[in-house]
Amino acid sequence: MNGRRSDETVEQVRPGTAHRERDAAVTTAATDAARIEGLLPSQTPLQLIDPQGRPTAGHGALPPPEALRRLYRDMVVGRRFDTQATALTKQGRLAVYPSSRGQEACEVGAALAMREQDWLFPTYRDSVAIVSRSVDPIEVLCLLRGEWHCGYDPYEHRVAPQCTPLATNTLHAVGLAHAARLKGEDTIAVVLLGDGASSEGDTHEALNFAGVWNAPVVFLVQNNGYAISVPLAKQTAAPSLAYKGIGYGVRSVLIDGNDPAVVYASVREAVEGAAAGGGPTLIEAITYRMEAHTNADDASRYRADAEVQRWLARDPLTRLETYLREHDLLDDERAAAVQAEAEEFAASVRERMNQDDELDPAELFEHVYARPTAQLVAQRQELLAELGNQEDA
């Protein structure tokens, strides 16, 4: 005897019980298998428009024409804003700027797929997404200029402060979304993160609690291949970042992050599913950062020019423009009008950023705590005293 009893023995002790237990076990296994199948991403990234601008059959319906035109407009404006901000770093007007050129499909696609009442949790690279949520671009750049705490009112725009520490925004998003649901609010959270942030412990904790609480959160991982200079293969052994979701019971989707249509459609589906009580979704979007990590980085030290050239051929903006033109949704006149709008937008940013506002150093201590601590009050007094001495000298 080894202490184990066969089903036959169990049947003799409790007639009929073994069959019911076996049937229940089979049913449970089938249910679990179906649930696991529903969580798994596809083997290849989903596309709705291929790199040549042609519609891809079998992956779902394209967004309506007006949505595609809005995607195009915001991507053109977003790219021009991005190049203008990069130029401002060279003029000393910005301390730093992490470009997202090449990732406009993710930035704009996610922002436009959200509903007005939803919250966006961006990282430091997601300025274009914030601008696409109609936040004043000057307010967006305030943080990178070192001028103010955040630069904009998070509550007014439902956009959390840009997150510089990797992945802390994932936990904030889950917390807000779970709290909103407990309060009966029709609000979900969309959190943006990179492939490097997906290797952080915060992301795993956020996915775990999102799964346990069935929280209305959409995680959009912009996998651009590098965590600063570290390639993806040195960050993870997972076959896909999307597969990480299944370990936490979170539905996962793998998409082509340079296809604006599939980003918009996937995020919209996940947003609507979360709002309906369907819980969280993890979307891995395969994309590429065309510029260096920031203006302080030399990308030629860790990636070859041939690699960059291959991704230039998959430019998300060119892809969407080709599709729109071939389907009579865009002509030269409309394209020129959008380009002129983008130039005007950039000129306004340039002009306003070239103004030297008079700053109050004491504001550094405002809005840190509802009731300033004794240490903070002392630091404020010390700074004001030092500034007063400089004026007297």
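# Cavities, strands and rings

Guide: In the second largest cavity, the lining residues divide into five nonpolar, two polar and two charged. The model is predicted, so that local features are reported at pLDDT of at least 70 and side-chain atom pairs at 80 or more, while totals for chains, interfaces and linings take in all residues. Numbering starts at 1 along each chain as its sequence is written, and side-chain values rest on heavy atoms, without hydrogens or water.

Visitor: What makes two of the residues lining the second largest cavity polar and two charged?

Guide: The lining consists of Gly102, Asn258, Tyr288, Met290, Trp311, Leu312, Arg314, Asp315 and Pro316. Asp, Glu, Lys and Arg count as charged, and Ala, Val, Leu, Ile, Met, Phe, Trp, Tyr, Cys and Pro as nonpolar, with the others, Gly among them, as polar; Arg314 and Asp315 are therefore the charged residues, and Gly102 and Asn258 the polar ones.

Visitor: Why is this space called a cavity, and what volume does the second largest cavity have?

Guide: It is called a cavity because a 1.4 Å probe fits at its points, set on a 1 Å grid over the protein atoms alone, but cannot get out, and its lining residues have an atom within 4 Å of a point. About 40 Å³ of space lies in the second largest cavity, as filled by probe spheres on points joined across faces, edges and corners.

Visitor: How many cavities of 30 Å³ or more does the search find, and what lines the largest?

Guide: Two cavities of that size are found in the whole structure, and the largest holds about 60 Å³. Its lining is made up of Leu193, Ser198, Thr203, Leu207, Phe219, Val221, Leu241, Lys244 and Leu282, which divide into six nonpolar, two polar and one charged residue. Helix α9 (201-213) and strand β3 (217-223) each supply at least two of these residues, where helices (H or I, at least four residues) and strands (E, at least two) are DSSP runs numbered from the N terminus.

Visitor: How do you know that β3 and β7 pair, and in which sense do they run?

Guide: Two strands pair if DSSP finds at least two bridges between them; β3 and β7 have six, in the parallel sense, so the condition is met. One of the contacts puts Glu284 of β7 opposite Val221 as its bridge partner. Strand β6 (residues 251-256) is also joined to β7 by six bridges and runs parallel to it, with Thr281 in β7 as the bridge partner of Arg251.

Visitor: What makes the crossover from β6 to β7 right-handed?

Guide: The chain passes from β6 through helix α10 (residues 260-275) to β7, and this β-α-β crossover is right-handed, because the path from the first strand over the helix to the second runs clockwise when the strands point away from the viewer.

Visitor: Why is Ile286 called partly exposed?

Guide: Its relative accessible area is 23%, and buried means under 20%, exposed over 50% and partly exposed in between (1.4 Å probe, protein chains only), so Ile286 falls in the middle class. Ile286 is found in strand β7, in which five of the six residues are buried. Ile286 and Asp256 are 30 residues apart in sequence, with their C-alpha atoms 5.2 Å apart.

Visitor: Why is the pair of Trp119 and Tyr155 called edge-to-face?

Guide: Rings of Phe, Tyr and Trp (its six-membered ring) pair if their centres lie within 6.5 Å, and planes under 30 degrees apart count as stacked, over 60 as edge-to-face and the rest as tilted. By this rule there are six aromatic pairs. For Trp119 and Tyr155 the centres are 5.8 Å apart and the planes stand at 85°, so the pair is edge-to-face. The pair links strand β1 (residues 119-121), which holds Trp119, to helix α7 (residues 154-157), which holds Tyr155, 36 residues apart. With a relative accessible area of 9% Trp119 is buried, whereas Tyr155, at 69%, is exposed.

Visitor: What makes the pair of Tyr288 and Trp311 stacked?

Guide: Their ring centres lie 5.1 Å apart and their planes differ by 5°, so the pair is stacked. Tyr288 sits in the loop between β7 and α11 (305-312), and Trp311 in helix α11, 23 residues apart; both residues are buried, and both are among those lining the second largest cavity.

Visitor: What phi does Ser134 have, and is Ser134 buried or exposed?

Guide: Most residues other than glycine have a negative phi. Ser134, although not a glycine, has a positive phi of about 70°; it is exposed, with a relative accessible area of 56%, and lies in the loop between α5 (127-132) and α6 (137-145).

Technical notes. 1 Å grid on protein atoms, 1.4 Å probe; cavity = no way out; pocket = protein on both sides within 12 Å on 5 of 7 lines; lining within 4 Å.
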